[in-house]
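The following exchange examines how several structural labels are justified. Each answer sets a computed value against the criterion behind the label.

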Amino acid sequence: MTLAPAFSQALPSLVGVRADYTHETNRELLFQLCAALVREELGDQNTWKQAGGSAIRFAQTAMARGIGDERDKLLTRNVEYHLQVSDALERYGEDAQLGSGRLAVLIECGGSGYLKIGPAIEAMEAEAEGLGAAFYWTLTHALYKVMRLYNHDDALMYEEQMHEYAAEDDEENQGQYEFPEVEKALPECIRKTLKRDFREGKACDRELLRLHRKGRFKDWIGRLRRIEQLARLPLKQSREYLEEGHYDQPPLPCLLVCYKEQDAIVACFDEESQSMLECTSEPALCAIFSPANPGEVRNALRIVARFIQINTELFSLVESIHEGHHADTSFDRSESLLRAA
Amino acid sequence: MTREELAALFMAKAGEAPPAANLILARHLQCKESCDLSSAIAEATQRYAGTDRTLLQAPPELLSPLA
């Protein structure tokens with residue numbers, strides 16, 4: 001074997017070249033945030049020691065401590081959330097400084113969770129007629145208040161859109177359209193209650209769930225009740241900033257709810273998710289605050305804490321449902337991740 | 001160090017002038033030309049690294065011929 005002779009100019013030496021840089025634009029805001037995290041008891045001198053003098057690392061560790069290891073693991077297993085605190089928000093596709101000493105805490109969803117609820121609905125309907133539907137509708141309406149879902153509603157809208165496209169297209173192309181037939185994929189109890197009066201339905205559902213709260217499905221009903229309680233008050237997000245941001249679309253769905261594996265809802269989601277990452281989406285949660293104002297800091301922390309609590313209850317319920325029915329415990333969440341086309 | 005002392009330390013740091021290296025980096029990050037240049041380099045790297053269609057030519061003065 002012949003080795004090439006050493007050549008002094010071949011590779012520039014990296015000795016003396018810094019391998020990393022830490023820069024802090026608006027560093028006063030970063031330090032104010034660190035002080036606020038200390039005041040809210042999320043960080044202490046040990047956190048500061050571990051951070052090795054880096055304010056960014058201190059803030060990250062303090063916030064991770066606030067979320068907690070168990071909750072972090074549960075959420076990571078089920079959904080892809082990104083939490084960031086920033087001094088800029090998106091405007092027309094570019095970052096724009098918030099100014100006036102303000103920061104934004106954002107949670108963005110990069111990959112939705114997955115709930116196959118069909119077997120659970122079936123089991124509850126076998127226990128009492130209407131119980132499965134009551135559980136489904138109550139969960140759906142509670143979650144609508146706090147996060148974007150992808151469920152039968154979105155799939156029905158997608159199907160309607162497909163029919164509209166087909167009607168507008170040339171006659172020779174119309175045979176090429178495939179319609180997902182979402183309504184046929186719904187369990188009978190959901191189909192029957194799809195167009196019922198909202199208020200009457202809600203009252204019936206509440207009564208049924210109350211009757212069965214100590215029965216066979218008490219754990220699921222208990223978790224549902226906690227989700228409902230947490231979602232009762234709207235998360236006071238800084239909507240005005242999001243509306244100014246001119247995002248192309250609402251937040252990416254945090255949860256895909258289907259009835260069976262690869263049913264019409266999953267098929268619609270697969271089609272729609274191809275283009276979901278092509279444009280800018282609102283974050284799943286946004287709260288603006290001034291780190292120098294303790295009231296605003298507490299309010300922002302409360303909003304984030306409640307969102308995380310709701311998600312913790314939700315994904316504990318999801319895991320319990322999947323385990324309870326040996327649904328697909330081997331489900332690989334990455335299969336449901338939103339994919340860029 | 002108590003919580004109050006740590007919070008006071010952070011508030012004192014918040015009031016300090018940023019280090020010179022920080023200012024240079026911050027100035028570059030706020031400079032449109034610098035940002036455009038770094039985006040162009042990042043885009044070019046992605047475009048060329050992701051395909052085998054076009055290879056970046058190594059500058060001849062850097063590598064000696066192996067033959």
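Q: Why are α6(A) and α14(A) called roughly antiparallel to each other?
A: The model is a predicted one. In it, helix α6 (residues 131–144) of chain A packs against helix α14 (residues 294–324) of chain A at an angle of about 150 degrees, and their axes are 12 Å apart. Angles over 145 degrees count as roughly antiparallel, and α6(A) and α14(A) therefore receive that description. Their crossing is left-handed.

Q: Which residues of α6(A) and α14(A) meet, and what is the class make-up of the contact?
A: From α6(A), A:F135, A:L139 and A:L143 meet A:I310, A:L314, A:L317 and A:I321 of α14(A). Phe, Leu and Ile count as nonpolar, and the contact accordingly comprises 7 nonpolar residues, no polar and no charged ones. An α-helix has 3.6 residues a turn, so residues three or four places apart point the same way.

Q: How do you know that the reach of α11(A) is close to the expected one?
A: Helix α11 (residues 218–232) of chain A has 15 residues. The expected span is 1.5 Å times one less than the number of residues, which is given as 21 Å for this helix. From its first C-alpha to its last, α11(A) reaches 21 Å, close to that expectation.

Q: Which residues of α11(A) are buried, and what do they pack against?
A: A residue is buried if its relative accessible area is under 20%. In α11(A), A:W220, A:I221, A:L224, A:I227, A:L230 and A:A231 are the buried residues. They pack against α5 (118–127), α6, α10 (198–211) and α14 of chain A.

Q: Why is A:E181 called partly exposed, and A:Q262 exposed?
A: The class between buried and exposed runs from 20% to 50% relative accessible area. A:E181 has 42% and is therefore partly exposed. Exposed means over 50%, and A:Q262, with 61%, is therefore exposed.

Q: What makes the backbone of A:E181 and A:Q262 notable, and where do these residues lie?
A: A:E181 is not a glycine, although it has a positive phi of about 50 degrees. A:E181 lies in the loop between α7 (152–168) and α8 (182–185) of chain A. A:Q262, also not a glycine, has a positive phi of about 55 degrees, and its place is in the loop between β7 (255–258) and α13 (264–276) of chain A.

Q: How many helices and strands does chain A have, and what share of its residues counts as buried?
A: Chain A has 14 helices and 8 strands. Of its 341 residues, 46% count as buried.

How values were computed. Residues are numbered from 1 along each chain as its sequence is written. Chains are lettered from A and ligands numbered from 1 in the order in which they are written. This is a predicted model: local features need pLDDT of at least 70, side-chain atom pairs count only at pLDDT 80 or more; totals for chains, interfaces and linings use all residues. Side-chain values use heavy atoms; hydrogens and water are left out. Axes are lines fitted to C-alpha atoms, for helices over the stretch in contact, and angles run from 0 to 180 degrees between N-to-C directions. Helices (H or I, at least four residues) and strands (E, at least two) are DSSP runs, numbered from the N terminus. Angles under 35 degrees count as roughly parallel, over 145 as roughly antiparallel, 65 to 115 as roughly perpendicular and the rest as oblique. A crossing is left-handed if the near helix is turned anticlockwise from the far one by less than a right angle, and right-handed if clockwise. Contact means heavy atoms within 4.5 Å. Buried means under 20% relative accessible area, exposed over 50%, partly exposed in between (1.4 Å probe, protein chains only).
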